[in-house]
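Please look over the sequence and the model below before reading on. The report that follows takes up one helix, then the pairing of the chains, the surroundings of a DNA strand and the nonpolar core.

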2 protein chains.
Amino acid sequence: MTTIRDVARRAGVAPITVSRVINDSGYVSEKTRQRVEEAIAELNYVPNALSQGLRFNKTNVIALVLSDVTNPFWTTVARGTEDASSEENYSVILCNTDEDVAKQDKYTDLLLRRQVDGFLLVPVSNTIDTIRFIQQQGVSLVVLDRQMPGVSVDTVRADSEGGAYELTRYLTELGHRDIAILSGPEDVSTSTQRVAGYQRALQHAHLEVDSELISFGSFYQDSGYERTMKLLALSRPPTAIFAGNNFIAIGMMKALYESGLRIPEDMSVVGFDDLPPGLLVRPFLTVADQPAYEMGFRATKLLLERIANPGKPPHQEIVLPTRLVIRQSCRAI
Amino acid sequence: MTTIRDVARRAGVAPITVSRVINDSGYVSEKTRQRVEEAIAELNYVPNALSQGLRFNKTNVIALVLSDVTNPFWTTVARGTEDASSEENYSVILCNTDEDVAKQDKYTDLLLRRQVDGFLLVPVSNTIDTIRFIQQQGVSLVVLDRQMPGVSVDTVRADSEGGAYELTRYLTELGHRDIAILSGPEDVSTSTQRVAGYQRALQHAHLEVDSELISFGSFYQDSGYERTMKLLALSRPPTAIFAGNNFIAIGMMKALYESGLRIPEDMSVVGFDDLPPGLLVRPFLTVADQPAYEMGFRATKLLLERIANPGKPPHQEIVLPTRLVIRQSCRAI
DNA sequence: CTGTTAGCGCGTTCAT
DNA sequence: ATGAACGCGCTAACAG
């Protein structure tokens with residue numbers, strides 16, 4: 001490894017002079033600057049960011065801790081984060097929790113050790129302690145996607161309640177009266193808020209809320225599949241199903257397909273989150289689309305602002321609207 | 001920030017003793033160990049990985065530089081990498097090049113500064129220089145997915161030629177004589193090797209290679225769409241199309257759908273790379289499936305071995321077989 | 001078993 | 001305009 005000292009020796013100057021050239025700080029005469037730059041090029045010198053980080057007490061790295069990059073919703077969020085941060089010379093370290101508390105703990109510890117300048121966190125359910133710990137370590141933090149009651153923290157999320165209301169309303173106006181919802185984990189705010197929006201729309205339409213038609217479960221495909229099968233086995237199955245996220249929707253559609261039911265002829269369906277933009281040849285699912293890229297982008301900008309300006313206390317909650325995208329997955333009754 | 005010194009003061013010992021407790025190195029009596037651990041807990045002390053990295057000349061971080069995490073093929077590779085590295089206490093920094101030389105250069109510089117212990121690189125076409133530079137900096141490197149003639153470097157990739165041969169052979173045996181291939185960029189080894197396998201299969205079947213039916217282009221959806229449209233406009237269109245990767249396949253299917261052509265009745269199609277496992281309700285596309293997870297996993301293991309054992313020179317090339325997955329996207333002629 | 005000293009690569013402070 | 005000394009947080013090498 002070649003260090004600042006090697007370069008200095010080669011250029012016939014003191015190490016500090018090399019430092020000044022690298023960081024464009026302080027006065028360096030044009031002549032010595034050139035000599036130093038030549039030496040840098042000749043030796044292929046690469047500055048050591050660890051030392052710099054140690055010295056500046058700043059790494060220009062932020063962490064993005066989310067549940068699962070395999071989900072295209074999150075890759076889109078990640079792209080927003082990457083773009084926003086690279087604009088300001090920050091890099092992003094990405095970690096998957098898989099909704100597992102132990103993994104989240106492991107990664108936060110790791111990232112704190114690495115002295116990241118800030119956290120973008122999609123907290124696993126019931127992990128207020130993690131948030132408190134990060135805050136107590138004096139590291140900036142923005143919570144993404146989920147609401148965490150009980151702590152004061154900057155948050156950027158989409159309007160789950162509103163989106164669910166719109167979707168359900170759309171179904172009631174088509175004449176559906178038996179509408180099921182396959183939500184996510186019961187202890188995640190987005191799940192409960194989607195159910196809340198669903199219930200509000202039913203009430204608005206003067207329909208009764210049938211608890212048999214409401215279920216909570218994981219955000220993964222299998223869960224959507226199994227719960228759909230259960231719905232179909234009901235003595236009086238629903239005429240429409242609302243899937244709580246994109247993976248649940250896929251599992252649901254798979255179950256319908258295997259049961260020989262056609263969409264929308266035999267069952268109307270809607271979903272939360274759009275399916276991956278390019279991945280469907282023929283987009284047909286009506287959804288409440290979340291602005292994933294924008295969520296990542298804005299959360300990152302907010303975080304970087306906090307990092308640059310740690311004193312400003314009033315925590316913000318930014319709630320982005322969802323967009324109702326009507327396609328051909330529902331029929332009127 | 002609380003340091004090792006704060007802990008030492010609190011526990012009434014010397015800093016080095018704290019260090020020994022943290023790293024489980026050297027002798028520490030049970031009694032002092034306990035005192036130190038209490039102090040650590042009370043102060044919420046978190047070791048500074050920057051200092052450790054500086055001291056040890058080792059960060060336990062590797063870089064995964066690939067074209068695009070949006071593609072499920074790469075997220076799967078990334079999962080393999082994550083699993084393999086976390087087994088040995090390494091973390092992964094992930095970067096997207098978008099097949100852009102400038103981005104690749106930017107990231108390699110950044111990652112070298114950050115003193116990553118190793119690189120997993122999916123090189124942008126014609127960037128042997130990047131590889132040489134990393135090697136010359138004394139950082140371990142494994143090239144992923146692509147063959148880079150002209151440098152001696154460890155490589156882990158799938159058998160593009162063989163997979164393409166099998167897929168094409170499958171089509172010729174169904175009786176197809178006019179088979180088109182939509183490959184990737186002409187200067188990427190996987191693209192040319194897939195064309196090579198395709199040609200070998202045609203020759204094996206004593207079919208002429210029609211250059212009008214061979215095209216190169218980007219690995220993205222649009223490219224698959226446009227080139228399919230061109231094929232359909234030919235005076236004598238093919239009866240089967242071979243898509244060079246999963247995104248090209250999606251664009252191709254979209255073009256067929258919009259042109260009112262049914263699969264497989266009006267057109268037989270096959271693809272390289274499987275589509276995302278969960279994302280299709282009804283998997284029907286016949287493909288040469290690459291072992292994405294295993295590629296990531298094995299490449300990482302190889303890299304970590306190199307890091308642990310930098311002296312061992314003979315570079316390896318590991319070529320993993322693809323798997324022909326026959327579904328319902330082709331008909332006999 | 002514990003502590004002292006010195007140094008990893010770099011940049012701030014103060015001197016020249 | 002340039003340099004010397006010191007310290008960021010941590011640990012290897014040596015003393016005791």
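The expected span of a helix is 1.5 Å times one less than its number of residues. In this predicted model, helix H8 of chain A, residues 160-173, has 14 residues and should therefore span 20 Å, and its end C-alpha atoms are indeed 20 Å apart, which agrees. Among the buried residues of H8(A) are A:Gly163, A:Ala164, A:Tyr165, A:Leu167 and A:Leu171, while just after this helix A:Gly175 takes a positive phi of about 105 degrees.

Chain B is superposed on chain A by a rotation of 180 degrees with 0.0 Å of shift along the axis, at an RMSD of 0.2 Å. The two copies are thus related as by a two-fold rotation axis. Because 100% of the interface residues of chain B are also interface residues in chain A, the copies meet through the same surface.

DNA strand C is surrounded by 25 residues, and the closest include A:Thr3, A:Ser19 and A:Asn48. Helices H2 and H4 of both chain A and chain B each give two or more residues to the surface near this strand, whose make-up by class is as follows.

| Class | Residues near DNA strand C |
|---|---|
| Nonpolar | 12 residues |
| Polar | 11 residues |
| Charged | two residues |

In soluble globular proteins, nonpolar side chains tend to be buried together. Here the largest nonpolar core has 93 residues, and those with the most contacts inside it are A:Leu120 and B:Leu120. Leaving aside neighbours within four places in sequence, B:Leu120 is in contact with residues including B:Ile62, B:Leu64, B:Val142 and B:Leu303.

Definitions and conventions
Residues numbered from 1 in each chain as written. Chains lettered and ligands numbered in written order. Predicted model: local features only at pLDDT ≥ 70, side-chain atom pairs only at ≥ 80, totals over all residues. Least-squares fit on C-alpha atoms with pLDDT ≥ 70 in both. Contact = placed C-beta atoms within 7 Å. Near = placed C-beta within 6 Å. Helix = DSSP H or I, 4+ residues; strand = E, 2+ residues; numbered from the N terminus. Nonpolar A, V, L, I, M, F, W, Y, C, P; charged D, E, K, R; others polar. Buried ≥ 20, exposed ≤ 12 C-beta atoms within 10 Å, placed from the backbone. Core = buried A, V, L, I, M, F, W, Y, C linked by C-beta atoms within 7 Å.
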